[in-house]
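Reader: Got a minute to walk me through this one? I'd like the basics before I stare at it any longer.

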Amino acid sequence: MPSPSPSTAACAWPFAWHRHAGADLYRLQALDRSMLGAPSLYLAASDGVAWQNPHGPIDLRADDWLGSGTLRNSLYVEPWARLSSVRELALVIDAQGSLRVRLMCASLGKPAQVLRETRLESAQRGRLVLPIGAIDALPENSRLFWHVDAIDGARLHEAAWCTRTRPNASTRLAVLMRTFGRTLDLRHQLTRLADAAAGDAFLSAALARMDFWVLDASVGVETLWQDAADHELNLRVIRGPNLGGGGNASHLIHHFLAACDSHPESAPDEVLILDDDGVLSMESMARYLLGCSLRTRQHITSLPILMKSRPAQVWEDGGFWGRLNFHQHGEFGRRRNLSPHLLKHGLSLDGFEHLDAFGPLNHCEYATFIFFGLPTAALRRVGLPAAFFLRGDDIEYSLRAQAAGVEVITNPNLAAWHEPGHSYGQEYMAILHAVLINLTHSESDAATLSQWFEQRLAEHSSIGDLEGVALYLRVIDALLDVDGPLLTPGFEAHYLAALPACAATPMAALPEGDRQRLEREAAAHGLLIRPFLYPGYQSGTERHRAVVLVNHGAGTYRELAPCDPLERLALMQRYLASLQRLTAEFSDLKAHWHARLAASGQPAFWAEVAARHATATREFCRSSFTWRDVPAAVETPLRPTATLPPAVPIRELRQRLERELSQLSQLRQAEAALPTAVRAERASTSRRAAWRRRWSGWWRALWTTPTRQRQIPPSAPTLPPDFDPAQYLALNADVARTGIDAALHYARFGRTEGRRYRL
């Protein structure tokens, strides 16, 4: 099939998904069946319903049910109600067959309620529209979802939440990604997005509005991207130096903004920063694009981050930086510690009990660069991320954005998966950058900072971990080195010199089963097992045969060798001397690093960085979006489908059973109203008559049936005279679903299995 050009009417944006009552309905959210993460996050269904195919329809047999009340397919109302121009909603069900649809609404602390209920009876494929009404009339913090019950065989093709509000037709989204050594992971994500959009008119129209910018600092990068055109995306790939995740982000943003200045007529008005090893669905990307097209004010958008290793567990839903009010005896001032507070951290979504925790609009203090979206105008107003090699760049940028009046929210209608990790090198950068951030965004004084480093010294020295002490000493020395390259246009030199020393501490791989066994048997073997960071102060370590440090995230361990007392004391003396100097010079250091941090977020700073690396930076690949299938316009007929699952007359059977049960109930009531003597006489007469009929029939058959025929059973057993096929199928639902003839099944199998055929 030839691919149309994006200028055709069918490819137009915004994409009108359905027309109802003379008005276009624009799709906000549709079914996400990408199967990223845990299946329980997508749909709930009765046993035997196969819904995992991301493109095909979902077949429902009689009495099957399907529900969207999950994380990925509920509609959380607050982001649409408070951050967009959407004023009314509708649910559009694309289906055929016989089914019942219930529109449900739930909110935090309240039971779910039915908003609308209707039925669809159609042998042909069609769309059922359920108007929800004004979005402001819904209960506060609502979560909407639908529940479908199949009466007879039915097929669900699509279900989408729509609005009459027309999205902005000019919205374009620039997706910025940078990588070093993870080119294959990044390309796999691009392939997943393109494949998900192929054949889907709406997702294709959304993907055509996205421009992907990639800065790749990997070795042999041009070879890795030689077939980049196969992605069939609006894609630019730039070769560049390794400035770390944070530095590469700002280096890429600088080149992106320069291109926008050169061609303002085609410049994207929205920017999305994505990590190279994060995972998210094309449906999430399309939902975010719709949110941008309907936004009413500038804000930064992120999303719940779930773990790849535990796909139904939340790692974070935004966070607050160093705020003491989250801790016991905390406060609400501007003093901060050196660690984040992750919202909803560890929340399990294996069941449905925590879904409504995402209902209220989540205002947070910082969002992660795993998914970080904002308008291009807001990006220019806030500036570029600071010159951090890795860790903390997203925290600093979020705090700076809030100071400029740009709020940070997370949208639960979106989701991504990422795997957290930590190491000595990452801890070095995390603490160094945390101190630099607090020197600007906190009122914490020298005493607070000194106490924190004193605690690290006490903990690691108590177990003889000299490498741990040396790690934090390197952080202090970096803060004292005001003449070094840190936070200058040559900032990467500092990290390239410091990180190898952090990586020099060896840790061996330890399988999870062995780690659990080691921890269970530690006391018996005289071992003290502690985390490799923040081990806590340990007294009496001399009573243990050895101390083992474990990095649970990486699955590695390290057994501490006995340390020389003189070496330990010498290291502690250097540590305390540097800490004493940091405390004494705190005011001057604060002013110095505050000025450097502020300068590193300015366009002029990154223009100088770009000039330094002009030779190493070059765009070597550019491709355009290609339509893989012809999108279906609103007015075109829906495609014909295969035969529906075999229909079973469940409604007729139920009606007949209800009539017979009613008649039986009336007979029992009439019998109960008779005098006791009459009931006893009737029962006795009935038993004698039944005994005579049974024996007379047996005696007659014995003398009238030839001997040869009595020895050979009939090849086709006769049915009981009172056999009712409808009741037999109603009483045996498994037989009804097979579509086999009721009489034939009973004759061949039901009789020997003792199945009932009448009430």
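Author: Sure, one term before we start: two strands pair if DSSP finds at least two bridges between them. Strands (E, at least two residues) and helices (H or I, at least four) are DSSP runs, numbered from the N terminus. This is a predicted model, where local features need pLDDT of at least 70, side-chain atom pairs count only at pLDDT 80 or more, and totals for chains, interfaces and linings use all residues. Residues are numbered from 1 along each chain as its sequence is written, and side-chain values use heavy atoms, with hydrogens and water left out.

Reader: OK, so in which sense do β15 and β16 pair?

Author: Antiparallel, over 2 bridges, with β15 covering residues 305-307. Ile305 has Glu316 in β16 as its bridge partner.

Reader: And what order do the strands of that open sheet come in?

Author: The order is β16-β15-β22, 3 strands with mixed pairing. At the edges sit β16 (314-316) and β22 (416-418), each pairing on one side only. On average, neighbouring strands here are turned by 50° against each other, direction ignored (axes are lines fitted to C-alpha atoms, for helices over the stretch in contact, and angles run from 0 to 180 degrees between N-to-C directions).

Reader: Switching to helices: at what angle do α5 and α16 pack?

Author: About 95°, with the axes of α5 (residues 244-262) and α16 (residues 603-612) 10 Å apart. That makes α5 and α16 roughly perpendicular, a label for angles of 65 to 115 degrees.

Reader: Which residues make the contact?

Author: From α5, Gly247, Ser250, His251, His254 and His255; from α16, Trp606, Ala607, Val609 and Ala610. Contact here means heavy atoms within 4.5 Å.

Reader: Anything odd in the backbone, like where is Glu232, which has a positive phi?

Author: Glu232 lies in the loop between α4 (221-224) and β12 (235-239). Its phi is about 55°, although Glu232 is not a glycine. Glu232 counts as partly exposed because its relative accessibility is 25%; buried means under 20% relative accessible area, exposed over 50%, and partly exposed in between (1.4 Å probe, protein chains only). Tyr534 has a positive phi too, near 55°, and is found in the loop between β24 (527-531) and β25 (546-551). Tyr534 is partly exposed, at 36%.

Reader: Last one: how many helices and strands does the protein chain have?

Author: 22 helices and 27 strands. Of its 759 residues, 51% count as buried.

Conventions:
Angles under 35 degrees count as roughly parallel, over 145 as roughly antiparallel, 65 to 115 as roughly perpendicular and the rest as oblique.
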